[in-house]
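Please open the structure in your viewer and keep the selection tool at hand. The tour below goes from one selection to the next and says what is to be found at each.

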Amino acid sequence: MGEIVMPRLTDSMEEGTIVAWLKANGDPVSVGDELVEIETDKASMVYESDLAGELNIEVEEGETRPIGEKIATIGDGGTAESANGPGAAAATVAGNQAGAGPAVEDPASGAGLVPESRSQGPAGPGPAKSGPTASEGGGRVKASPLARRMASDRGIELGAVSGSGPNGRIVKADVERAATGPADGSGPSAEAGKGSVETVELTRLQKTVSRRMAESMATAPHFYLRAEIDMSRAVEVRTGFKETAVGDEPVPSLNDMVVKAVATALTHHPRANAAYRDGRFELYSRINVGIAVAADDALVVPTIGDADRKDLRQIASESRRLAERVRTGEITPPELSGGTFTVSNLGMFGIRSFDAVINSGQAGILAVGEIAERPVVREGRLTAAHLMEVSLACDHRILYGAEGAEFLGEIRRYLEEPGLLA
């Protein structure tokens, strides 16, 4: 008998959530069969078994488990065996989007994780819905342990409760609604002075972003350095790129120039391309710049690997590809991993300046505002220039004031004379 455990699918993953079992409890499983879809902090993945036998599910849909914890067993000889028997974990993973990266080994189980293309939704047999809720084998209503306990305490019959979880599974919010009754026929509860109140459950990605941003602000002593950059020459250079572009050749944006300037400056400031961990500095040999992209009420940060070694057109092509994959939901964990520094740009929304929160495992993040033509004084004469305000957030445990100022000053030099980026 072999165990299926919750694997580590990304470098930042701490736990995973069972989205859907693609085989029913007791079903025979062959090598290569799709078993389960798991949602991580960055993407949803589907596992394929490399064991044959009978499936014994131990973690229900909608439940979350830490890395390395057993979620199912595969029995030998086509019969279900005890979940407590010995066995080695073995499973392969397929990304539910196209273009997944190279195989990754799961340190918790020793299983090979092989991202593959998967464009269709979960298939295969699964628990069917019966009445207002979905039921398990034997007619048992599907509900989370917490929902069962709450229903028992309040004398609520689960069979009469409509489930809003995966495959109709009853969750805490469903029991609470059943206990109070709908306020207006649509479910939201009413609270005096606030009108109708709708409770919205966070997605796994939103929960992860919320937790990590709170941890970053609580543990990393942030300080901010601000600068105004004259982007007039950068605007001229971009105009030149547009005029000489051939066919579908990518035209570097001003943000691509910012990414290139950051990557080049990082080669001279190793502590800006590093992190503080447990009383030590971790200095990274590769320079991988993350670009923050807004998608579906969450913030996703795909990574441009080895950005210091890429020219502006290569960065332009990769940044557009990654941003599009984020917006279409096709981004994969390898494309979201390995970032060593981040650039966040809100200039396209007309934001003049802002301060960003450092991503855990990095020393800083550059917040970029809009580029606007504003009056400036040069050699005693009033003229106009394309100005951009930036803010560099630094983790004071590793990136100190003087070095942070030098790093930001170098970024400014590259952008004010973009010929240095060639």
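Begin by selecting Lys70 and Glu3, which form a salt bridge whose closest N and O atoms are 3.8 Å apart; the term stands for a side-chain nitrogen of Lys or Arg within 4 Å of a carboxyl oxygen of Asp or Glu. This pair links distant parts of the chain, since Lys70 belongs to strand S8 (residues 70–75) and Glu3 to strand S1 (residues 2–5), 67 residues apart. Helices (H or I, at least four residues) and strands (E, at least two) are DSSP runs numbered from the N terminus.

Before going on, note that this is a predicted model, in which local features need pLDDT of at least 70 and side-chain atom pairs count only at pLDDT 80 or more, while totals for chains, interfaces and linings use all residues. Residues are numbered from 1 along each chain as its sequence is written, and side-chain values use heavy atoms, with hydrogens and water left out.

How many salt bridges does the rule give? The count comes to 23, and a few more of them deserve a selection. Take Arg211 and Glu215, whose side chains meet in a salt bridge at 3.7 Å, N to O; both residues lie in helix H3 (residues 204–219), 4 residues apart, about one turn of the helix. Arg211 counts as partly exposed at 29% relative accessibility, and Glu215 is partly exposed as well, at 36%; here buried means under 20% relative accessible area, exposed over 50%, and partly exposed in between, with a 1.4 Å probe and protein chains only.

Select next Arg397 and Asp395, a salt bridge with its closest N and O atoms 2.8 Å apart. Arg397 is partly exposed, with a relative accessible area of 25%, whereas Asp395 is buried, with a value of 2%. For a group rather than a pair, select Arg321, Arg325, Glu330 and Glu335, which are linked in a network of salt bridges.

Move now to Thr340, in the loop between helix H7 (333–336) and strand S23 (341–345). Is Thr340 buried or exposed? Because its relative accessible area is 4%, Thr340 is buried. A polar contact of 2.6 Å joins its side chain to that of Asn273; a polar contact is a pair of N or O atoms within 3.5 Å, where within protein one must be able to donate a hydrogen and the other to accept it, and where residues adjacent in sequence count only if both atoms are side-chain atoms. If neighbours within four places in sequence are left aside, the residues in contact with Thr340 (heavy atoms within 4.5 Å) include Ala272, Tyr284, Arg286 and Asn288. Ala272 is 68 residues from Thr340 in sequence, and the two C-alpha atoms are 8.6 Å apart in space.

From there, step to Asn288, in the loop between S18 and strand S19 (289–291). Asn288 is buried, with a relative accessible area of 7%, and a polar atom of its side chain lies 2.9 Å from the backbone nitrogen of Asp306. Among the residues in contact with Asn288, again leaving aside neighbours within four places in sequence, are Thr303, Gly338 and Phe341.

Phe341 leads on to the aromatic rings. Rings of Phe, Tyr and Trp (its six-membered ring) pair if their centres lie within 6.5 Å, and planes under 30 degrees apart count as stacked, over 60 as edge-to-face and the rest as tilted; by this rule there are 2 aromatic pairs. In one of them, Phe341 and Phe407 have ring centres 5.6 Å apart and planes at 80°, so the pair is edge-to-face. Phe341 in strand S23 and Phe407 in helix H8 (residues 401–416) are 66 residues apart, so that this pair too links distant parts of the chain. Both Phe341 and Phe407 are buried.

Finally, select strand S2 (residues 15–21), where 5 of the 7 residues are buried. S2 pairs in the antiparallel sense with strand S7 (residues 64–66) over 3 bridges and with strand S4 (residues 34–39) over 4 bridges, two strands being paired if DSSP finds at least two bridges between them. Thr17 stands opposite Thr64 in S7, and the bridge partner of Ala20 in S4 is Glu37.
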